[in-house]
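Colleague: I'd like to go through this model with you and ask what lies behind the labels. Can we look at it together?

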Amino acid sequence: MPDFKAEIRARLAELRLPPVREAEIVEEFSQHLTDQLRRRSTGGASEEEARQAIFQDLNASELLNRELKRVERRAPANAVIPGREGKLFADLGQDLRFGLRTLIKNPGFTIVAVIALALGIGANSAIFSVVNAILLRPLPYKSPDQLVVLWENATHLGFPKDTPSPANFLDWRKQSTVFEGMAAFAERSFNLTGVGEPERLDGRRVSANLFDVLGVKPIIGRTFVAQEDQPGTKVVLLNESLWKRRFGGDPAVIGRAVNLNGEPYTVVGVLPPTVRLPTSGNWRDQVWVPLAFPSEEAASRGAHYLEVIARMKPAVTLPKAQAEMDTIAARLAQQYPATNTRIGAVVKPLHEEIVGKMKSPLLILLGAVAFVLLIACANVANLLLARAAVRQKEIALRLALGANRMRLTKQLLVESVLLSLVGGVVGLGLAYFGLNVLTRFIPHDVAQADTITIDAKVLLFTLAVAVITGLIFGLVPASQASHFNLNETLKEGGRDSGAGARGKRLRNSLVIAEVAISFILLVGAGLLINSFVHLRNLDPGFRADHLLALNVDLSEVKYPDTQRRTTFFAEVARRVQTLPGVRSVAVAGNLPLTINGDS
Amino acid sequence: MSVPYMSLTYMATPVLDRELKKGSAELMILSLLEYRPRHGYEIGQLIELRSRGAVRFNVASLYPLLYRLEKRNWIRGRWIEKSGQRRRRYYRLTSAGKKMLAKQRHGWAEFVAAVKLITATQHA
């Protein structure tokens with residue numbers, strides 16, 4: 001049997017009819033010619049004669065085209081739905097409206113897809129909020145890239161980054177030329193009395209120039225001046241929250257005396273809440289007093305408790321600063337062999353010191369949620385592929401109305417990106433609530449943890465993730481949906497076309513990918529839980545159950561010497577021992593495992 | 001090159017052929033669809049059969065004519081699938097088509113009567 005369809009289609013080509021109309025005409029003509037062939041054959045003509053006669057009729061293509069041209073309309077050059085050709089945004093608006101209507105018309109599909117996407121995008125936004133606050137956001141200091149932390153290098157003793165002693169710090173500061181300024185600080189707690197309820201405050205002794213080195217300006221008042229870095233000077237800086245909480249935010253607090261550890265300190269300034277000194281200890285300083293080394297302390301090279309920050313001069317690089325500090329440390333080792341032999345100096349960027357230990361875990365976590373998003377993408381792509389099978393008729397009709405396949409692919413992509421954007425908006429809501437829970441699990445001393453929030457950068461990230469996600473899960477179904485046989489699809493039985501088989505293969509591939517990714521996550525989560533269980537079961541060398549700990553700071557005024565302090569703690573231990581339910585009592589400088597190298 | 005719209009076996013000249021087709025082709029199709037829907041091949045066959053082979057439509061002219069009539073809303077085509085058969089496009093007469101059929105039938109009758117009068121005069 002001759003292939004009439006191909007012959008007719010070739011003759012109609014120049015008319016450029018809309019595909020569905022062309023398909024109808026081809027079908028109708030070919031039926032007619034097939035019937036003619038059959039009739040001529042049964043009438044006694046040979047097949048060749050019948051064929052020739054029919055093609056003679058058909059070859060009246062000039063007549064055919066002329067007559068059809070009078071009746072039929074050409075397919076528009078572009079556009080699925082009416083729209084001005086070449087106007088991207090006009091098309092985009094139409095695509096968005098159409099996509100929105102399609103999503104609203106299929107609430108079941110839309111809700112399932114949006115939930116899957118919201119979970120994936122929300123998890124990514126939440127973790128990115130943490131990454132953004134801790135890793136990406138610059139430290140709240142002036143030119144933070146110029147700030148470095150200085151450590152003593154006592155690797156031979158097991159302390160590659162040891163806290164410097166006062167005498168070494170003072171020598172470093174005196175001898176170095178690569179730094180604009182160098183400052184030290186040490187933890188110290190205070191008992192605030194005389195203004196309502198007594199309160200224990202976390203604070204620090206700091207070099208007078210510390211806030212100049214950091215570039216921090218006070219909210220009110222001033223920071224310390226060099227003359228105040230002397231023993232006996234009783235001045236204090238408050239942080240904003242303490243100022244508001246205990247002094248009602250009264251500016252008149254400047255110049256007022258407050259009682260700390262039984263001594264009157266004059267308030268000289270209030271610092272903003274962003275001031276947090278980089279340290280391994282507590283971040284929530286509420287008061288600062290001058291370091292003010294007594295001469296005995298200033299000469300000490302054996303007591304290592306300071307933390308040192310310096311600001312490099314603009315042209316100075318880290319290796320250059322390190323080289324100079326190596327020279328200075330070597331010189332000090334020669335001068336003070338008893339304490340400084342094999343003691344070097346280490347210069348580290350401040351940002352690395354603060355967030356370095358969080359970098360790997362956070363990036364791993366970000367990778368994990370990216371996998372979760374990929375699984376969501378695979379799920380939604382599967383849903384879209386399944387729906388594409390149902391929508392073949394609709395897509396065929398739109399092709400028939402004059403859409404070219406690129407235009408249709410674009411429209412389907414806009415639809416998937418729209419779906420993803422809706423998922424992104426819901427995901428942002430989930431991220432907002434999720435962050436409240438997440439931040440509770442972030443250790444208290446992690447730098448900038450309390451600045452975790454959904455800011456413009458997180459919104460941009462979410463938008464980008466949503467768009468990329470939409471493209472990822474939409475591209476395959478969109479390209480697959482527009483590759484099927486239009487004629488076959490328009491027929492009643494044309495559903496199981498080649499595209500259907502391709503769709504099944506794609507869906508199977510997506511499921512395989514999903515299982516593979518899930519397996520990776522499952523193994524990762526399993527290993528994490530295993531490590532956690534091991535940590536929980538680790539024997540610290542003492543029984544940690546049924547133990548209570550209490551921090552006590554004694555006033556240096558009331559308890560100025562070791563004798564009185566020892567007596568105080570002995571008395572505390574004796575009295576606590578007599579309390580019901582107490583089996584034993586002990587007093588220690590630091591709790592076990594709380595300070596590196598000191599347990 | 002011009003190809004005949006439809007062939008009238010006994011017509012003498014192409015000009016007369018063309019003029020006659022204009023008046024008759026639409027009328028023939030509308031008439032055949034007056035009482036029942038028919039598909040294109042059936043319409044072509046019936047025209048050939050009832051004219052005893054004197055009138056035969058070319059496939060390249062029959063269908064454009066059907067489409068034109070459909071566009072004028074005189075007939076309406078619809079794909080119909082009967083059990084055990086491939087689907088076919090059946091055309092039926094619309095109410096506008098029925099009015100047009102009556103009008104054309106009347107016009108054609110007047111024309112034929114006029115021709116008869118003329119030819120009768122010639123023989124008188």
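Modeller: Sure. Keep in mind that the model is predicted. Where the chains meet, chain A brings 18 residues to the contact and chain B brings 16 residues.

Colleague: Which elements of chain A give two or more residues to the side that touches chain B?

Modeller: Helix 2 (19-42), helix 3 (47-58) and helix 4 (61-71) of chain A do. Helix 4 of chain A has the largest share, 7 residues. By class, that side of chain A has 8 nonpolar, 2 polar and 8 charged residues.

Colleague: What is the secondary structure of chain B?

Modeller: Chain B has 4 helices and 5 strands, running β-α-β-α-β-α-β-β-α from the N terminus.

Colleague: What makes a residue of chain B count as buried?

Modeller: A residue needs 20 or more other C-beta atoms within 10 Å of its own. In chain B, 29% of the 124 residues count as buried.

Colleague: How do you know that helix 2 of chain B meets helix 3 of chain B?

Modeller: Residues are in contact if their C-beta atoms lie within 7 Å. Gly40(B), Ile43(B) and Gly44(B) in helix 2 of chain B meet Leu62(B), Tyr63(B) and Leu66(B) in helix 3 of chain B. The residues of this contact are 4 nonpolar, 2 polar and no charged; the glycines count as polar because Gly is put in that class.

Colleague: How do the axes of those two helices of chain B lie?

Modeller: The axes of helix 2 (residues 40-50) and helix 3 (residues 59-71) of chain B come within 11 Å and cross at roughly 115 degrees. The crossing is right-handed.

Key: Residues are numbered from 1 along each chain as its sequence is written. Chains are lettered from A and ligands numbered from 1 in the order in which they are written. This is a predicted model: local features need pLDDT of at least 70, side-chain atom pairs count only at pLDDT 80 or more; totals for chains, interfaces and linings use all residues. Two residues are in contact if their C-beta atoms, placed from the backbone, lie within 7 Å. A residue is buried if 20 or more other C-beta atoms lie within 10 Å of its own, exposed if 12 or fewer, and partly exposed in between; C-beta atoms are placed from the backbone. Axes are lines fitted to C-alpha atoms, for helices over the stretch in contact, and angles run from 0 to 180 degrees between N-to-C directions. A crossing is left-handed if the near helix is turned anticlockwise from the far one by less than a right angle, and right-handed if clockwise.
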